[in-house]
Amino acid sequence: MTIDSKAFGRISIEDKQLIRFPVGIFGFEDLRNFALLDAQQAPFYWLQSLKDAQIAFVLINPYVFRSDYVLDIPEDDVRAIGSPEADDLLVFSIVTIPQDRRLMTANLQGPIIINRKERLGRQSISLSQKWNTRHVILEELQRGA
Amino acid sequence: MLVLARKLDQRIMIGDNVEISVVEIKGDTVKLGIAAPRSVKVYRYEVYEAIQAENIEASRTPAGDLPDLGDLLPPDSGAKGS
């Protein structure tokens with residue numbers, strides 16, 4: 001199908017890229033239908049709202065820059081997206097990109113979890129105090145290297 | 001919003017299985033005890049607010065080139081995605 005995206009304008013996507021968020025995400029509870037798109041640059045992705053082309057979130061796989069990341073979330077949240085097997089559970093962090101793009105941050109405290117098989121997603125909240133909403137990606141990548 | 005005044009050691013029942021008690025009152029701080037099944041999530045409100053605020057901020061990302069993480073990335077960072 002064809003959708004309007006913030007990053008790429010009008011594009012064609014496959015059904016498997018359509019993800020339903022039954023309760024939206026925090027602050028955007030009315031946005032239930034999204035498309036998961038590869039960004040032009042790995043390892044980023046876009047979570048594009050199908051309702052409003054101007055609303056799209058940059059996502060990154062947290063393990064890419066924090067190999068020690070642990071997804072510690074309530075079992076209920078995993079159940080709410082259909083209890084995916086480990087291989088079908090996708091974990092992403094929403095990225096905030098300020099004026100100076102090198103200072104971009106990732107929200108590790110509120111991960112986005114997606115059941116790749118059922119194409120269901122939600123935003124969860126970490127039970128661990130270790131993660132906050134603003135991890136500076138470049139800094140933490142360099143620290144890990 | 002239902003507003004109830006409680007004294008030290010008094011309790012509130014929410015639904016069938018959530019219990020809140022006033023455990024300690026010290027100066028301007030009230031310590032609350034929350035007894036609930038593991039399936040009921042309990043968070044400090046600031047955490048909700050912070051995540052909501054961060055989502056709103058993140059939604060403002062202009063389209064355009066994303067930073068190139070290049071050589072900093074570990075190998076095989078294509079990872080799970082589409």
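**Figure 1. Surroundings of A:I60 in the predicted model.** Leaving aside neighbours within four places in sequence, A:I60 is in contact with A:P43, A:F44, A:F65, A:V91, A:F92, A:S93, A:V95, A:A106 and A:I137 of its own chain, and with B:L69 of chain B. A:I60 belongs to the largest nonpolar core, which has 31 residues. A:F44, A:V95, A:I137 and B:L69 join A:I60 as the residues with the most contacts inside this core. In chain A, the elements that give two or more residues to the core include strand 4 (33-38), strand 5 (44-49) and strand 6 (56-60). Strand 7 (89-96), strand 8 (105-115) and helix 2 (137-144) of chain A also give two or more residues each. In soluble globular proteins, nonpolar side chains tend to be buried together.

**Figure 2. A second nonpolar core, apart from the largest one.** This other core has 18 residues. Among them are A:F21, A:Y45 and A:I55 from chain A, together with B:A58 from chain B.

**Figure 3. The side chain of A:H135 and its partners.** A:H135 is found in strand 10 of chain A, which covers residues 135-136. Is A:H135 buried or exposed? With a relative accessible area of 3%, A:H135 is buried, because residues under 20% are counted in that class. A polar atom of the A:H135 side chain lies 2.9 Å from the backbone nitrogen of A:N132. The side chain of A:H135 is also joined to that of A:E140 by a polar contact of 3.0 Å. Leaving aside neighbours within four places in sequence, the residues in contact with A:H135 are A:F65, A:R66, A:M104, A:T105, A:A106, A:L108, A:K130 and A:E140.

**Figure 4. A network of salt bridges in chain A.** Four residues, A:R66, A:D68, A:K130 and A:E140, are linked in this network. Within the group, A:D68 and A:R66 form a salt bridge whose closest N and O atoms are 2.8 Å apart. A:R66 is buried, at a relative accessible area of 15%, whereas A:D68 counts as partly exposed at 33% relative accessibility. Three members of the network, A:R66, A:K130 and A:E140, are also among the residues in contact with A:H135.

**Figure 5. The salt bridge between A:D30 and A:K51.** The closest N and O atoms of this pair are 3.4 Å apart. A:D30 lies in the loop between strand 3 (18-20) and strand 4 of chain A, and A:K51 in the loop between strand 5 and strand 6, so the pair ties together parts that are 21 residues apart in sequence. A:D30 counts as partly exposed, with 46% relative accessibility, while A:K51 counts as exposed at 59%. Over all chains, the count of salt bridges comes to 14.

**Figure 6. The interface of chain A and chain B.** How many residues does each chain bring to the contact? Chain A brings 54 residues and chain B brings 33 residues. Together the two chains bury about 3,700 Å² between them, with 61% of this area on carbon and sulfur atoms. A:Q41, A:R101 and A:I125 supply 15% of the area that chain A buries against chain B, more than any other three residues. The count of salt bridges between the chains is two. In one salt bridge, the side chains of A:R134 and B:E54 meet, at 2.8 Å from N to O. Nine residue pairs are in polar contact across the interface.

**Figure 7. The side of chain A that touches chain B.** Elements of chain A that give two or more residues to this side include strand 4, strand 5, strand 6, helix 1 (75-80), strand 8, strand 9 (120-123) and helix 2. The largest share, six residues, comes from strand 7. By class, this side of chain A has 31 nonpolar, 14 polar and nine charged residues.

**Figure 8. Chain B and a salt bridge within it.** Chain B has one helix and three strands, and from the N terminus on its elements run β-β-β-α. Buried residues make up 23% of the 82 residues in chain B. Among contacts in chain B between residues at least 6 apart in sequence, 0% join residues at least 24 apart. The side chains of B:E19 and B:R11 meet in a salt bridge of 2.7 Å, N to O. B:E19 counts as partly exposed at 24% relative accessibility, and B:R11 as exposed at 52%.

Technical notes:
Residues numbered from 1 in each chain as written. Chains lettered and ligands numbered in written order. Predicted model: local features only at pLDDT ≥ 70, side-chain atom pairs only at ≥ 80, totals over all residues. Heavy atoms only, no water. Core = buried A, V, L, I, M, F, W, Y, C linked by side-chain atoms within 4.5 Å. Buried < 20%, exposed > 50% of the residue type's maximum accessible area, 1.4 Å probe, protein only. Helix = DSSP H or I, 4+ residues; strand = E, 2+ residues; numbered from the N terminus. Contact = heavy atoms within 4.5 Å. Polar contact = N/O pair within 3.5 Å; in protein donor to acceptor, adjacent residues only side chain to side chain. Buried area = accessible area lost by both parts, 1.4 Å probe. Nonpolar A, V, L, I, M, F, W, Y, C, P; charged D, E, K, R; others polar.
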